[in-house]
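Trainee: I'm new to this one and would like a close look at a single part, the second largest pocket. Could you walk me through it and show me what sits around it in the rest of the model?

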Amino acid sequence: MPAMPYLTMGVLFAINLLNYMDRLTISGVLTLIEEAPLNRTNGTNKTCACGGFGISDSASGFLQSSFIIGYMVFSPMFGYLGDRYNRPVLMSIGIIFWSGATLGGSFAPSYNIMVVFRALVGIGEASYATVAPTIIADMFAKELRMRMLILFYLAVPIGSALGYVISAQVAAQACCWRWAFRVTPGLGVILALVSLCFLRDPPRGESERALEHSSAASSGIRAYLQDLKYIIKVKSYVWSTLGFSTVTFTVGALAQWVPTYIRWATAYENEDFALSVKSAGYGVGGITVVAGLGGSYLGGELARVLGRRTKQANALVCGFSSMLAGPLVYVALTTAHVHKLFYVMWTFMFFGMLMLLFGWAPVSALLLSIIVPKRRATAAAVQIFVSHLLGDALSPFLIGKFSDSARKSLLGGHNNGRVPQLEDANHSEIVAEERALRYALYAAAVMSTVGALFYIISSWYLPADMDAAEKDARQRSPPNDSLASPSTANAVDDDDDAPLLSAADDGPELAVNLGDDQLLL
């Protein structure tokens, strides 16, 4: 069995973990960034050496939105490049770029400069997110591809949880939130060098043996417009992208605001019950990693097993999990401020996150099954652009804006727009901030349920679109697999019905089937 595909998967997993760790670092220290630039005690016995920017909820929400805007706007460009040029090189450049921007942001002297650096981080991460799934698709086929996607997306909850926990811990120990942004850059440079020096770029379409079809992608604006014209005609792609947009709206809002909201909610009945920044980060990080691991694995496995019976499996799994996520998150938010229901809140939040992350692997597998190899990076980039434009580019800012308006209304208009420091807030301010954030986050729960409808519509078109993509690949494949490029020796296939050994009639190629894994020698 060739080792390179599995070694490549290990590197891609590590980069994806770092990607989400870096992305969610800001959420673990958001309350510290919001505070006025004054010294304070931040959950330890030490004095905080750096204050925040003294900003409102909407302004702090825009810190994440600026990241998503950079990520979203540059994704189409990297999708175009990823369909035509060396993907490990593109990834390496992007990783070094985002690592430098993350480090630079830790020295930002003002809020506006911090916004710029967060946008630059998004640009760098766009280079990786658009091409990594296409590399997996070109190395693995059929059910084994789904298993590798499950592994790849397991890095999402682990990285997110590490982002929450490590950022809160580092900020507490260093007595300064800025040090939270100085953990990942060094790791990023190391992974960029590993990717540049050791990863190979598999031929596009290698796992489908569609090398002729994918080896000569033309360049230029006209070629890119042809790619766009092709993908928007795939109806299941369009509807699943809309469905994924609602999920990213919900996940983006929760990822940004739940740690902050829980601190205010736990202080609702008694200020002494309020969780520290570190404790809130640990709590949210803990349920994120467990729910994410369970959701990513169970969702992918359920889609893989159901896929043996129906071609609609990926869309149906995404749809029904989104439908369940909304009510679960709603109950969690409703019970958070009641001290006696503290553990009820964590339980429902856990299952809500579980359902939200159920569809990460299936939605990626859905895209890869309906788009021909040479246009997959472009399709992934467009999906990233649309889902973030309609999703988490808006949700952190909109939730913050709604919260600011609700707080002002609840306080009778007596508010200067700044969020009070929890330790200095009176009971009325605590109640107003908790209710304002809770009412705003209800919108995120509703959006998840709306997305279920889009996924169900996508399932109606999915079988026909899969058949069309498979037909196109067969028409473009070499007439005899024995004439395929020797590079296909590194593609790992999966076919439970294949004989143990089979040889081509007029060539040296030998297929060896080992349970789920079939490879060409």
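**The pocket and its surroundings**

Mentor: Let's start with how far to trust the picture, since this is a predicted model. Among the elements of the protein, helix α13 (residues 313–335) has the highest mean pLDDT, 92, while strand β2 (residues 501–503) has the lowest, 36. Two stretches call for a careful eye. Over residues 40–47 the pLDDT is below 50, and the model gives this stretch 19 contacts beyond near neighbours in sequence. Residues 495–521 also stay under 50 in pLDDT, with 62 contacts beyond four places in sequence. For the protein as a whole, the mean pLDDT is 78, and 80% of the residues reach 70 or more.

Now the general layout. The secondary structure comes to 18 helices and 4 strands. Of the 521 residues in the protein, 60% are buried. If you take the contacts with a separation of 6 or more, 82% of them are between residues 24 or more positions apart.

On to your pocket. The second largest pocket has a volume of about 190 Å³. Its lining is made up of Q226, K229, Y230, K233, V234, I370, V372, R375, D465, A468, A469 and D472. Two elements give two or more residues to that lining: α10 (221–232) and α18 (427–476). The largest share, 4 residues, comes from α18. By type, the lining divides into 6 nonpolar, 1 polar and 5 charged residues.

One lining residue, I370, leads us to another helix. I370 is among the buried residues of α15. In fact, 11 of the 11 residues of helix α15 (residues 360–370) are buried, so this helix is largely enclosed by the rest of the structure. W360, P362 and L366 are among the buried ones too.

Next along is helix α16 (residues 376–390), whose 15 residues should span 21 Å at 1.5 Å a residue; the end C-alpha atoms are 21 Å apart, so the two values agree. This helix is mostly covered, with 11 of its 15 residues buried. Those buried residues include R376, V382, Q383, I384 and H388.

Then have a look at S403, which is found in helix α17 (residues 395–410). S403 counts as buried because its relative accessibility is 0%, and the cut-off for buried is under 20%. Leaving aside neighbours within four places in sequence, S403 is in contact with D57, E433, A436, L437 and A440.

The loop between α17 and α18 holds A425. With a relative accessible area of 10%, A425 is buried. Try finding E271 from there: A425 and E271 are 154 residues apart in sequence, yet their C-alpha atoms are 9.2 Å apart in space.

One last stop is an unusual backbone angle. Most residues other than glycine have a negative phi. C175 has a positive phi, near 60°. You'll find C175 in the loop between α7 (142–174) and α8 (184–198). C175 counts as buried because its relative accessibility is 6%.

So when you go back to the pocket, begin with α18, which gives the largest share of the lining, then pick out α10, the other element that gives two or more residues.

Conventions: Residues numbered from 1 in each chain as written. Predicted model: local features only at pLDDT ≥ 70, side-chain atom pairs only at ≥ 80, totals over all residues. Heavy atoms only, no water. Buried < 20%, exposed > 50% of the residue type's maximum accessible area, 1.4 Å probe, protein only. Contact = heavy atoms within 4.5 Å. Expected span 1.5 Å × (residues − 1). pLDDT = per-residue confidence, 0-100. 1 Å grid on protein atoms, 1.4 Å probe; cavity = no way out; pocket = protein on both sides within 12 Å on 5 of 7 lines; lining within 4 Å. Points joined across faces, edges and corners; volume = space filled by probe spheres on them. Nonpolar A, V, L, I, M, F, W, Y, C, P; charged D, E, K, R; others polar.
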